[in-house]
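Could you walk me through how this protein is put together? I'd like to start with the overall layout and then look at a few individual residues.

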Amino acid sequence: MQGSVTVPMRADADKIWALLSDPTRIGRYSPETFEGEWTHGSTGPEVGARFRGHVRRNGRGPVYWTPCVVTDSVPGRRFEFAVGRADRPVIRWGYELTPTADGTDVREYFAAVPSRLLNVYWAIVGRARTRTNLRDMRATLERIRAEVE
C-alpha cells in the first residue's frame, strides 16, 4: 500500500524543510504523532539519524513509541524516514519539495515495505488505513502551510 498528498505553499522550500525534517516539531502538525525526539545520539536530519515518534493511533489510541531512521535527507528538497527497526522497516514516510513560481509544492507520501505479515495486515485494513493516512497527511501539510504562510 502507498499513497501521497501534495499541498502548494507560498513559502520558501528551505523554511518548510526545516519544519518537516525536525521530529521534535511533529506534534504541532500531525493528527496522530503528538511528539517526537532524536535518539541514539542523533541531533539532526542526516541519513542514518534515529528518532522516535509518540503515536496515538487514529487520534484515539493505542498510544506507543515507534522507532524511525532517516533514509534520505536533502535540505530544501527531500526528507524520508523508515519506521521500525533500522534493519527491518515496516513503512517509509517522506516529503518531497518542489519549488514553484509562487512558492513550493510539498508532497507527503508513504509506502509499506512488503513482507508476509504486513501483506496480511494491509489486505485486512489496507483501504481504511490508506484513507486515514491520506486524510492525516493533508491535515499535517495544511497545518504546516498555515504556519509558513
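Here is a tour that goes from the sheet to the helix, then to the core and some single residues. Keep in mind as you look that this is a predicted model.

Start with the sheet. Seven strands make up an open sheet in the order β1-β7-β6-β5-β4-β3-β2, and the pairing is antiparallel. The edges are taken by β1 and β2, each with a single partner strand, so one side of each has no neighbour in the sheet. On average, neighbouring strands are turned by 25° against each other, direction ignored.

Now follow some of the strand pairs. β6 and β7 run antiparallel and are joined by ten bridges; as a landmark, tyrosine 95 has glutamate 108 in β7 as its bridge partner. Toward the β2 edge, six bridges link β2 (residues 33–39) to β3 (residues 50–56), again antiparallel. There, threonine 33 is bridged to valine 55 of β3. Next along, β3 and β4 pair in the antiparallel sense over seven bridges, and arginine 52 finds its bridge partner in proline 67 of β4. The hairpin of β3 and β4 has six residues between the strands, and in it asparagine 58 takes a positive phi near 60°.

Next comes the helix α1, which covers residues 13–20. What marks its N-terminal end? Aspartate 12 caps it, with a side-chain oxygen 3.0 Å from the backbone nitrogen of aspartate 14. Look along α1 and you'll find Ala13, Ile16, Trp17, Leu19 and Leu20 buried. They sit on the same side of α1, because they cover an arc of only 160° around the axis. If that pattern looks familiar, remember that an α-helix has 3.6 residues a turn, so residues three or four places apart point the same way. And where does α1 pack? It lies on the sheet, touching β1, β4, β5, β6 and β7, and its direction makes about 160° with that of β6.

That brings us to the largest nonpolar core, which has 29 residues. Met9, Ile16, Leu20, Phe79, Leu97 and Ile144 are the ones with the most contacts inside it. At least two residues each come from β1 (2–9), α1 (13–20), β4 (63–74), β5 (78–85), β6 (88–100), β7 (103–112) and α2 (116–148). α1 gives the most, with five residues. For a closer look, pick phenylalanine 79: leaving out residues up to four places away in sequence, its contacts are Trp17, Leu20, Ser21, Pro45, Phe51, Val70, Asp72, Ser73, Trp93, Gly94 and Tyr95.

A few single residues round off the picture. Take alanine 11, in the loop between β1 and α1. Is it buried or exposed? Alanine 11 counts as buried, because its relative accessibility is 9% and the cut-off for buried is under 20%. Beyond residues up to four places away in sequence, alanine 11 touches Ile16, Asp102, Gly103, Thr104 and Val148. One of these, aspartate 102, is 91 residues away along the chain, yet the two C-alpha atoms are separated by 7.8 Å.

The loop between α1 and β2 offers two residues to set side by side. Aspartate 22 is in that loop, and so is glycine 27. Aspartate 22 counts as buried at 19% relative accessibility, whereas glycine 27 is partly exposed, with a relative accessible area of 33%. The side chain of aspartate 22 makes a polar contact with that of threonine 24, at 2.6 Å. Glycine 27, for its part, touches Thr33, Phe34 and Glu35, again not counting residues up to four places away in sequence. Its C-alpha is 9.4 Å from that of valine 55, which is 28 residues away in sequence.

Finish at histidine 54, back in strand β3. Histidine 54 is buried, with a relative accessible area of 15%. What does its side chain make a polar contact with? The partner is the side chain of tryptophan 65, at 3.4 Å. With residues up to four places away in sequence left out, histidine 54 touches Glu32, Thr33, Phe34, Glu35, Val63, Tyr64 and Trp65.

Conventions. Residues numbered from 1 in each chain as written. Predicted model: local features only at pLDDT ≥ 70, side-chain atom pairs only at ≥ 80, totals over all residues. Heavy atoms only, no water. Core = buried A, V, L, I, M, F, W, Y, C linked by side-chain atoms within 4.5 Å. Buried < 20%, exposed > 50% of the residue type's maximum accessible area, 1.4 Å probe, protein only. Helix = DSSP H or I, 4+ residues; strand = E, 2+ residues; numbered from the N terminus. Contact = heavy atoms within 4.5 Å. Pairing = 2+ DSSP bridges. Arc of directions from axis to C-beta. Polar contact = N/O pair within 3.5 Å; in protein donor to acceptor, adjacent residues only side chain to side chain. Axes fitted to C-alpha atoms, helices over the stretch in contact; angles between N-to-C directions.
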